[in-house]
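Dear colleague,

I am handing over the structure below and would be glad if you could look through it before we talk. My notes on what was found in it come after the coordinates.

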2 protein chains.
Amino acid sequence: MATKRATINDVASLAGVSIATASKALNGRQDVRAATRERVLAAAAQLSFQPNALARGLLSGQTRTVGLLTSDSVGRFGIPVLLGAENAFGAGEMAVLLCDARGDAIREQHHLRALLSRRVDGLIVVGESTDPRPSVSKDLPVPVVYAYGPSEDPEDVSFVPDDVGAAAMAVNHLLALGRRRIAHVTGPTHYKAARDREEGVRLALEAAGLPQAGQTLSGPWSQRWGRHAAEMLLMSEPEIDAVFCGSDQIAAGFVEAARERGRRVPDDIAVVGYDNWEVLSTETRPALTTVDMNLESLGRTAAQHLFAAIDGKATPGVHKMPCQLVIRDSTSPPGIS
Amino acid sequence: MATKRATINDVASLAGVSIATASKALNGRQDVRAATRERVLAAAAQLSFQPNALARGLLSGQTRTVGLLTSDSVGRFGIPVLLGAENAFGAGEMAVLLCDARGDAIREQHHLRALLSRRVDGLIVVGESTDPRPSVSKDLPVPVVYAYGPSEDPEDVSFVPDDVGAAAMAVNHLLALGRRRIAHVTGPTHYKAARDREEGVRLALEAAGLPQAGQTLSGPWSQRWGRHAAEMLLMSEPEIDAVFCGSDQIAAGFVEAARERGRRVPDDIAVVGYDNWEVLSTETRPALTTVDMNLESLGRTAAQHLFAAIDGKATPGVHKMPCQLVIRDSTSPPGIS
DNA sequence: CTCCTGGACTTAAAGGTTTTCGGAAACGTA
DNA sequence: TACGTTTCCGAAAACCTTTAAGTCCAGGAG
């Protein structure tokens, strides 16, 4: 804890110039003699002067601060987006004001007001699922970008992972390995993510002219459900040779149960997970081939588009960001692993 | 995107009073007639007036904002602390400015300057491990509280989990179950966390007058190492009846390998993990008894003490926060599970 | 000598809010 | 009427910085 903070006034006095000159010297403007500039900079350094961002913002109307409003307290999906955004901002001179509404609309409104009162230049809203959520952008004096969970309003700017495309990519990968009896185990159907991934599976199999092995099985996103689904599936569709799972947790459970029932992964059954949650995907045996939603990149992109929107170049619509298949041992061709 | 923001001037004009009166009415001060106050509030509501926090902060010298400086990009430990802090702040009217230095001292300095320039009222520094880290507090005009990773300077305020006590608690739990041949598998010894937990094990066993089963085994914090350690340990110390693991990942690996070698958990070997990382601890079979460091509570406490420090009531020193043993099936008494 | 140019610097205003102090009106009392 | 008190409201300063406009001076051209 040091003494009172120095203002530009102190710097100017110490350097023996007016505050206007001091300001110009500090901001690298031209009409200051080199010697004077030196004196000012030396004075500023000596007082360890930091310009007051409040005063600056008050004058310019720009705070170089954005609000990040998340509903996802547990943070599985919000955190990577947050980090991506923070990185995109941190590279410049932006700062992130973080608010967690914990899924409560009232609290969200409250945080929204607080952020506006702090005169943020823009807002990123991170959803807790890919289901569309009510827009907050109506009559807001700053631009808003939605990440992970899109806005219901198509005029807003949203960035979401391309779940349909990713699921199709996963199935195509299995098809390319020669698998023909592909099953699908996923999360609760009230999640748009689950429905989208099912749609992707359907499209890929249709394009290949193949039927799906059994019905899509829906349950919780958990490992426990993965085990349970494996038992059901190996009973009802014993001839399956591949499974696409809606999460790495489900996939990990599936692999475990399959192995206990004497099915080898990947030789007998190839398994693809979703999320690339590394604690699971790299530590299961075999390590999981899985879909990485590139959430950090999605967050970064959202931040960049927020910049653009702040500059008046908004890009309305729901933008689907490509996912990536991370290939590991659970889909190695037979005989390799 | 709406029109220009209303200022208190607009509110005053619309209500037909001066800005001074408007300010008093809005802030609930006494010397305003009830009817006048009504008019002002109605005008503010009509214009959806939000007081400009910049102007207010400029005047009062308080921004009601704190900086949260983390080095832990991956966020395993930082995130819960962050959430706890955010919750403690969010309850009031504080906001959190988030900065991630990604372990880079230069970047940290940069962020520090940016935060000070924004006139934060205080700072929370979240370490990436429990190893003491260089202080940033020297000659800072705002109070700083360290969470998870303490400052090297004992004059600073730090909150860390009580690893020694937690490890002793875990071992005592095993002793209470009647286990007498207790082994310890942990992470790399260059982590203070690993050394502290070893110390806790030693203290608890000494107090019970028992030797440790084998040497403490050090390796990565990973599941793979847990499996490897299990194989080594079951070979060299086949008579062990309990293991305390330095992480849930290690414990999960240990359980898996032990089961494959025909040892039943918990009947033959009781296992205790560390971190209570739920995706692992509740999904392994059996579910893991594990130490929960209460990081969210730690973050909340740090935030509360930051408030106190802002009010001039700092509490210097390294404060060890109690951990909690979450008891699950991996330490059930024989015959129960 | 005057006028003009350009460089180096200063003055003052602006941004939005809070707060202190003074003023005015209303009312009661001598 | 004169005066004191209370109640309500307004003027202005303060917070810190940036910037437009203005001042001053030296030096060159006419």
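The notes below take the relation of the two chains first, then each DNA strand, and then some local details.

Please keep in mind throughout that this is a predicted model, and that every value quoted here was computed from it.

On the two protein chains: chain B can be laid on chain A by a turn of 180 degrees with a shift of 0.0 Å along the axis, and the RMSD is then 0.1 Å. This is the relation of a two-fold axis. The contact surface is the same in both copies, since 100% of the contact residues of chain B recur in chain A. If you want a landmark for the axis, B:L97 is the residue of chain B that comes closest to it, with its C-alpha at 2.3 Å.

On DNA strand C: there are 25 residues around this strand, and those that come nearest are A:S18, A:T21, A:K24, A:T36 and B:I8. Of the strand's atoms within 4 Å of the protein, 56% belong to sugar or phosphate, while the rest belong to bases. Several polar contacts to phosphate oxygens of DNA strand C can be listed individually: a polar backbone atom of A:S18 is at 2.8 Å, an N or O atom in the side chain of A:T21 is at 2.6 Å, and a backbone N or O atom of A:R33 is at 3.0 Å. Helices α2 and α4 of chain A, together with α2 and α4 of chain B, each supply at least two residues of the surface near this strand, and by class that surface has 13 nonpolar, 8 polar and 4 charged residues.

On DNA strand D: here too there are 25 residues around the strand, with A:I8, B:S18, B:T21, B:K24 and B:T36 coming nearest. Sugar and phosphate make up 64% of the atoms of DNA strand D that come within 4 Å of the protein. For this strand, a phosphate oxygen is 2.4 Å from a polar backbone atom of A:I8, another pairing puts a polar side-chain atom of A:S23 at 3.0 Å from a phosphate oxygen, and a polar backbone atom of B:S18 is 2.7 Å from a phosphate oxygen. The elements giving two or more residues to the surface near DNA strand D are α2 (19-26) and α4 (53-60) of chain A and α2 (19-26) and α4 (53-60) of chain B. Sorted by class, this surface has 12 nonpolar, 8 polar and 5 charged residues.

On the annotated segment: an unreviewed UniProt entry carries the annotation "domain: HTH lacI-type" for residues 6-60 of chain A. In the model that span is 67% helix and 0% strand, and its end C-alpha atoms lie 21 Å apart. The N-terminal end of α4(A) is capped by A:N52, a side-chain oxygen of which lies 2.7 Å from the backbone nitrogen of A:L54, and just after α4(A) the residue A:G61 takes a positive phi of about 80 degrees.

On one buried glutamate: A:E256 is found in helix α10 (residues 248-260) of chain A. A:E256 counts as buried because its relative accessible area is 13%, which is under the 20% cut-off. Apart from its neighbours within four places in sequence, A:E256 is in contact with A:Q223, A:R227, B:R259 and B:R285.

With best regards

Technical notes. Residues are numbered from 1 along each chain as its sequence is written. Chains are lettered from A and ligands numbered from 1 in the order in which they are written. This is a predicted model: local features need pLDDT of at least 70, side-chain atom pairs count only at pLDDT 80 or more; totals for chains, interfaces and linings use all residues. Side-chain values use heavy atoms; hydrogens and water are left out. A residue is near a molecule or strand if one of its heavy atoms lies within 4 Å of it. A polar contact is a pair of N or O atoms within 3.5 Å; within protein, one must be able to donate a hydrogen and the other to accept it, and residues adjacent in sequence count only if both atoms are side-chain atoms. Helices (H or I, at least four residues) and strands (E, at least two) are DSSP runs, numbered from the N terminus. Ala, Val, Leu, Ile, Met, Phe, Trp, Tyr, Cys and Pro count as nonpolar, Asp, Glu, Lys and Arg as charged, and the others, Gly among them, as polar. Buried means under 20% relative accessible area, exposed over 50%, partly exposed in between (1.4 Å probe, protein chains only). Contact means heavy atoms within 4.5 Å. Copies are superposed by least squares on the C-alpha atoms of residues with pLDDT of at least 70 in both. UniProt positions are given in the numbering used here, feature names are shortened, and annotations may be inferred rather than shown by experiment.
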